[in-house]
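Trainee: I'd like a close look at a single part of this model, please. Take me through it slowly, with the cut-offs as you go.

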Amino acid sequence: MNPTVSVGATKNVDVLRDRLYSGSQNLQKRGVKLVLSTREAGNITFLGCNLIPLDRVTKTAEPQALILRQYLARIVAELIITDWEKILLSKMIDHQKDLFTPVERKQILERAERFLELTDGIAGFGTSEKAGSSKGNSNRRNLIRQAVLEYLEANDELVIDGFLRFRLKHYLDQLSQAVDSAIDELMMEREYQEFIRLLRYFVEIQEPRANQVHVVMRPTGIFHIYDSHGHPVEHDYLNGFLLDVVETDLNYEDLLISALITIAPQQITIHLAEASQIGESVETIQEVFDGRVIVCPGCEHCLRYNKL
């Protein structure tokens with residue numbers, strides 16, 4: 001008697017059926033044809049999957065039970081990754097919907113998906129296969145496929161909802177970790193934007209103490225500030241500021257931004273020893289002093305300042 005395996009689900013059953021049929025052309029190369037039947041059990045719809053030989057006289061070289069298990073494992077893994085994963089992530093995010101706007105929840109979903117793409121995959125969750133060198137959903141797909149294949153070796157009925165809950169806990173943990181990372185990233189950006197708004201406020205209320213300054217940034221992080229005539233800025237207000245912060249944990253970047261806020265110049269020209277120095281500190285200065293910052297593409301002053 002031909003082997004039959006039933007795959008059930010509470011949602012996306014039509015998608016599952018379409019995937020089973022659309023991929024069945026590969027089965028013909030192995031000498032068999034897929035036949036599906038449908039039955040309902042409560043809120044679960046089961047698709048009975050059966051293989052029949054294309055040539056009833058010639059038997060296939062491989063056992064039909066093995067062919068069917070391998071095929072279903074591939075289709076179920078593809079379905080989970082492609083059609084269920086976003087639903088699972090969205091449900092996890094909705095548990096904290098009171099904390100985030102719809103726009104923010106969409107951003108969290110996109111970030112979580114990006115984190116998953118960057119991960120190496122999940123080692124384990126009940127399979128004998130270890131994570132390989134592939135990354136992102138390809139690795140997750142392979143590991144899910146292996147878990148389904150091992151499950152079907154001892155069972156002829158699989159409900160995707162329950163299989164996810166009880167057999168793919170590590171996979172769900174991976175999704176949960178991606179959501180947590182996405183939330184952490186969003187919260188950090190929230191704090192950063194609040195920080196930028198606060199610094200902009202300080203700049204707006206500060207009386208400008210120079211029309212123009214030139215900032216020379218060394219590769220080591222050390223910086224020098226010069227006025228429009230090329231003279232080092234050494235006014236009393238800046239010296240006093242430096243004395244106040246010298247005992248703190250501020251790094252060079254924090255110190256530079258704080259010094260510029262103290263001076264509150266109308267225009268800032270940043271001279272870099274290397275183009276690769278354009279990083280977070282320069283970007284922060286540009287955001288705080290919106291419209292006042294010029295990053296010099298290279299000039300005689302750059303050469304002169306960097307020799308000082």
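Trainee: How are α7 and α10 oriented to each other?

Mentor: Happy to help! This is a predicted model, in which local features need pLDDT of at least 70 and side-chain atom pairs count only at pLDDT 80 or more, while totals for chains, interfaces and linings use all residues. Residues are numbered from 1 along each chain as its sequence is written, and side-chain values use heavy atoms, leaving out hydrogens and water.

The chain has 11 helices and eight strands, which are DSSP runs numbered from the N terminus (helices: H or I, at least four residues; strands: E, at least two). Your pair is α7, residues 169–205, and α10, residues 280–288. Their axes come within 9 Å and cross at roughly 55°; axes are lines fitted to C-alpha atoms, for helices over the stretch in contact, and angles run from 0 to 180 degrees between N-to-C directions. Angles under 35 degrees count as roughly parallel, over 145 as roughly antiparallel, 65 to 115 as roughly perpendicular and the rest as oblique, so α7 and α10 are oblique to each other.

Now the residues that meet, with contact meaning heavy atoms within 4.5 Å. From α7 come Tyr 192, Gln 193, Ile 196, Leu 199, Arg 200 and Val 203, and they touch Thr 284, Glu 287 and Val 288 of α10. This set divides into five nonpolar, two polar and two charged residues; Ala, Val, Leu, Ile, Met, Phe, Trp, Tyr, Cys and Pro count as nonpolar, Asp, Glu, Lys and Arg as charged, and the others, Gly among them, as polar.

For the wider setting, among contacts in the chain between residues at least 6 apart in sequence, 68% join residues at least 24 apart.
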